[in-house]
Amino acid sequence: MRSTVFRRLATTTAVLGAALALTAPMASAAQPAPLVPGELYKVQLNLLRCVNISESGEDELYLKLDGGVVVPTSTCAERGTVDYSAIDPERFIFEGGTPLNVELWEQDPDYIDPDDKLGVFELNDARVNATNIARVVKNGDYSYTLTYTVLPL
Ligand SMILES: [Ca+2]
Ligand SMILES: [Ca+2]
């Protein structure tokens, strides 16, 4: 009985290993490279991580770019995450050598307590086809990270 289970495990591992070996060359096809100044790029957002949130309970977070809302509000609890991988990268087009400043905002109910700009994710030091991390931190108050991948347009 026991040996059958072990044999099955060994077979599964071998199959997984073969599958990984097959996908590895595809994954490495697009090599990380430095940005070329003046070239156009787009940004695939990956994951917003709410390391320390700004409110008690949950934050209501959204992103702004050039004065407009570019990613709508999501709630995020302390140490929670928001998956941004379905957001269209073509909302975030920029030129190599020019920082892309994406603002992180926290939504509040009304004009008595208006929305708060928590800070700016600076997407400017990235390499193409490499996953990078940007941070918004106010010491002792709140802290967020955003992972993203810069892609050729
Ligand atoms: Ca709020
Ligand atoms: Ca507020």
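**Strands and two loop residues in a predicted model**

Modeller: In this predicted model, 4 bridges join β2 to strand β6 (residues 100-106), and the two run antiparallel. Local features here need pLDDT of at least 70, side-chain atom pairs count only at pLDDT 80 or more, and totals for chains, interfaces and linings use all residues. Residues are numbered from 1 along each chain as its sequence is written, while chains are lettered from A and ligands numbered from 1 in the order in which they are written.

Colleague: What makes β2 and β6 a pair?

Modeller: Two strands (DSSP runs of E, at least two residues, numbered from the N terminus) pair if DSSP finds at least two bridges between them; β2 and β6 have 4 bridges, so they pair. Within this pairing, Lys64 stands opposite Glu103 in β6.

Colleague: Which strands form the open sheet, and in what order?

Modeller: The open sheet has 4 strands in the order β3-β2-β6-β7, with antiparallel pairing. Its edge strands are β3 and β7, each of which pairs on one side only.

Colleague: Why is Asp66 called exposed?

Modeller: A residue is exposed if 12 or fewer other C-beta atoms, placed from the backbone, lie within 10 Å of its own, buried if 20 or more do, and partly exposed in between; Asp66 has 9, so Asp66 is exposed. Asp66 is located in the loop between β2 (58-65) and β3 (68-77), and its phi is positive, near 50°, although the residue is not glycine.

Colleague: Why does Asn129 count as partly exposed?

Modeller: Asn129 has 15 C-beta neighbours inside 10 Å, which falls between the two limits, and therefore Asn129 counts as partly exposed. Asn129 lies in the loop between β7 (116-123) and β8 (131-138), with a positive phi of about 65°.
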